[in-house]
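Biologist: Please take a close look at one helix in this model. Then follow the chain to what lies around it.

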Amino acid sequence: MGLFDGLSGMLETAIAKHPGGLSGMLDDALKGAGGLDGVVSKLNSSGLGGKVSSWLGQGDNQPLTADEVRSALSEEHLGQIAAKLGIPADAVPHVLAQHLPNAVDQAS
C-alpha cells in the first residue's frame with residue numbers, strides 16, 4: 001500500500017465522522033484559503049472555470065489534477081490545509097484533486 005492509499009483511507013474515515021460530510025470537512029480545512037467558496041474562486045481565477053462549472057451543474061464532474069491545485073493555491077494555503085487535515089503538505093494537492101470536485105458538487 002502506497003502513501004496516498006493510506007492517506008485516502010484516513011480521509012475516508014475522517015469524512016465519515018465529520019457531521020458535514022465531505023463538503024463540511026473540506027470547508028473546515030479550507031478556511032484559511034477562504035473556505036470552499038474561496039478555493040473555488042481561486043480555481044476560477046486560475047483558468048479552471050470550465051472544470052468548476054461542471055461540478056456545479058448537472059452531469060459528470062470534470063477531474064482536477066494535483067498540478068492544477070498547486071497552480072491555484074499558494075504554498076501558505078497548502079500548508080494550512082495540510083495542518084488542518086493532518087497530512088503532509090505535498091499530499092494536499094493530490095487529496096484536493098481527488099475530493100474537491102465531489103465536495104463542490106455536494107455543496108451546490
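**A kinked helix and its surroundings**

Modeller: H3 has a kink of about 130°, centred on leucine 48. Keep in mind that this is a predicted model. The end-to-end span of H3 reflects a short path. Helix H3 covers residues 35–56, and its end C-alpha atoms are only 16 Å apart. A straight helix of 22 residues, at 1.5 Å a residue, would span 32 Å.

Now the burial. Leucine 48, the centre of the kink, is among the buried residues of H3. Also buried before it are Gly35, Leu36, Gly38, Val39, Val40 and Leu43. After it come Lys51, Val52, Ser54 and Trp55.

Next, the end of H3. Leucine 56 and asparagine 102 are 46 residues apart along the chain, yet their C-alpha atoms are separated by 9.6 Å. Asparagine 102 belongs to helix H6, residues 92–107. Is asparagine 102 buried or exposed? Its relative accessible area is 38%, so asparagine 102 counts as partly exposed, between the cut-offs of 20% and 50%. The side chain of asparagine 102 also makes a polar contact with the side chain of asparagine 61, at 3.3 Å.

H6 has another neighbour. The axes of H6 and helix H5, residues 75–85, come within 10 Å. They cross at roughly 80°, which makes H5 roughly perpendicular to H6. Which residues meet there? From H5, they are Leu78, Ile81, Ala82 and Leu85. From H6, they are Val92, Pro93, Val95 and Leu96.

Technical notes
Residues numbered from 1 in each chain as written. Predicted model: local features only at pLDDT ≥ 70, side-chain atom pairs only at ≥ 80, totals over all residues. Heavy atoms only, no water. Helix = DSSP H or I, 4+ residues; strand = E, 2+ residues; numbered from the N terminus. Expected span 1.5 Å × (residues − 1). Bend = angle between axes of the 7 residues up to and from the residue. Buried < 20%, exposed > 50% of the residue type's maximum accessible area, 1.4 Å probe, protein only. Polar contact = N/O pair within 3.5 Å; in protein donor to acceptor, adjacent residues only side chain to side chain. Axes fitted to C-alpha atoms, helices over the stretch in contact; angles between N-to-C directions. Parallel < 35°, antiparallel > 145°, perpendicular 65-115°, else oblique. Contact = heavy atoms within 4.5 Å.
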